[in-house]
Structure formats: structure tokens, C-alpha cells
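Here is a friendly walk through one protein chain, from its strands to its side chains. Keep the viewer open as you read.

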Amino acid sequence: MEERQLRRNSSSLIGNISSIGDIKTKSNGKEYRYINIAQNDSFNDKGKFYPIFLEGETLDMNKDLTVGQRIYVSGKLESYVNEDKENVLYVKAFEIEELEKTKTQDQTEEQENDMPF
């Protein structure tokens, strides 16, 4: 990855896309979308899900994202108060980069067993 510009309020995450919301339009005519990415810290961990907000150029450049895709997200941590008066945190994305998935142990063993020697 290239050297990234440091911002005062900066967040970065790596994870797999777990859901992709519909593209919606704000009252000012700008389009936006929420996606969620999932992260697991260990084998027994059920995972954590993080909402990511895309709009403007970031949305335009990433309309072809798919569930299961591994991505790097750089952005700004923001929040809003929902209907239940709960504070909800999300990352407003500035940059999204597609990453290659890492091999699982089963895939590595399978490839080793297919070796001709």
C-alpha cells in the first residue's frame, strides 16, 4: 500500500464485506450507500461488524463491490443518534482498496497434496 496522508480523525479497517445496502439519494440529490465489513480476531470469535458510509467519488469508484470481498477502508470516524436514542459509530470512507484473500489452512494443504513430486 502507498504511504497514506495522516488525518486528525483517521480510521482504517481491513475486513470482508458482509452486506451492501442499496444506493439511496439524499434530499440534496447526492447518492450514498452503507456497507458493513466483518472482522474476526480469533477462530472462536463470532466477529465484529462495522458500518462504512460511502458517498461522492468514493461511492462512484466502488459501485461494483461484492459480499465476501476483502477490502481496506480508510476514512473518518463519525456518529449519529438513531431512533432508539443510541449513539451509532460508523466510518465515512475516503478510500477503499480491494485486497486478496489470504489462504486458509485447508486450501494450503490441498495445494500441497496436488504437487506432482
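## An exposed aspartate and its partner

Asp60 is a good place to begin: its relative accessible area is 52%, so this residue counts as exposed, the cut-off being over 50%. Asp60 forms a salt bridge with Lys63, and the closest N and O atoms of the two are 4.0 Å apart. Please keep in mind throughout that this is a predicted model.

Lys63 itself is partly exposed, at 40% relative accessible area. Its side chain also meets that of Glu31 in a salt bridge, with 3.2 Å from N to O. Glu31 sits in strand E3 (residues 31–39), while Lys63 belongs to the loop between helix H1 (56–60) and E5; the pair thus links distant parts of the chain, 32 residues apart. Like Lys63, Glu31 is partly exposed, with a relative accessible area of 34%.

## How confident is the prediction?

The chain has a mean pLDDT of 85, and 77% of its residues reach 70 or more. Which elements mark the two ends of the confidence range? Helix H2 (residues 105–113) has the lowest mean pLDDT among the elements, 53, and strand E2 (residues 24–25) has the highest, 96. Where pLDDT is low, the predicted coordinates should not be read in detail.

## Strands side by side

Let us turn to the strand pairings. Strand E5 (residues 70–81) pairs with E6 in the antiparallel sense, over twelve bridges. Within this pairing, Ser74 has Glu95 in E6 as its bridge partner. Five residues lie between the two strands in their hairpin, where Lys85 takes a positive phi near 60°.

E6 (residues 87–99) also has strand E4 (residues 48–55) as a partner; these two run parallel and are joined by two bridges. To find your way along E4 and E6, look for Ile52, which stands opposite Val91 in E6, and for Phe53, which stands opposite Lys92 in E6. E4 pairs with E3 as well, this time in the antiparallel sense and over eight bridges. Here Ala38 stands opposite Phe49 in E4.

## Charges between E4 and E6

The chain has five salt bridges by the rule used here. One of them brings together the side chains of Lys92 and Glu55, at 3.1 Å from N to O. Since Lys92 lies in strand E6 and Glu55 in strand E4, the pair ties together parts that are 37 residues apart in sequence.

Is each partner buried or partly exposed? Lys92 is partly exposed, with a relative accessible area of 23%, whereas Glu55 is buried, at 18%. Salt bridges that share partners join these two residues and Lys26 into one network.

## A cluster of rings

Six aromatic pairs are counted in the chain. In one of them, the ring centres of Tyr34 and Tyr90 are 5.9 Å apart and the planes stand at 80°, so the pair is edge-to-face. This pair links distant parts of the chain: Tyr34 is in strand E3 and Tyr90 in strand E6, 56 residues apart.

Tyr34 is partly exposed, with a relative accessible area of 30%. Tyr90, in contrast, counts as buried, because its relative accessibility of 10% falls under the 20% cut-off. Both tyrosines belong to a cluster that ring pairs build from Tyr32, Tyr34, Phe53, Tyr80 and Tyr90.

## The nonpolar core

In soluble globular proteins, nonpolar side chains tend to be buried together. The largest nonpolar core of this model has 13 residues, and those that touch the most other members are Ile37, Ile52, Leu54, Ile71, Val73 and Ile96. Strands E1 (11–20), E3, E4, E5 and E6 are the elements that each give two or more residues to this core. Which strand gives the most? The answer is E6, with three residues.

Ile96 is a handy residue to select in your viewer. Which residues does Ile96 contact, leaving aside its neighbours within four places in sequence? They are Leu54, Thr58, Asn62, Leu65, Ile71, Tyr72 and Val73. Among these contacts of Ile96, Leu54, Ile71 and Val73 were named above as members of the core.

Methods:
Residues numbered from 1 in each chain as written. Heavy atoms only, no water. Pairing = 2+ DSSP bridges. Helix = DSSP H or I, 4+ residues; strand = E, 2+ residues; numbered from the N terminus. Buried < 20%, exposed > 50% of the residue type's maximum accessible area, 1.4 Å probe, protein only. pLDDT = per-residue confidence, 0-100. Phe/Tyr/Trp six-rings, centres within 6.5 Å; stacked < 30°, edge-to-face > 60°. Core = buried A, V, L, I, M, F, W, Y, C linked by side-chain atoms within 4.5 Å. Contact = heavy atoms within 4.5 Å.
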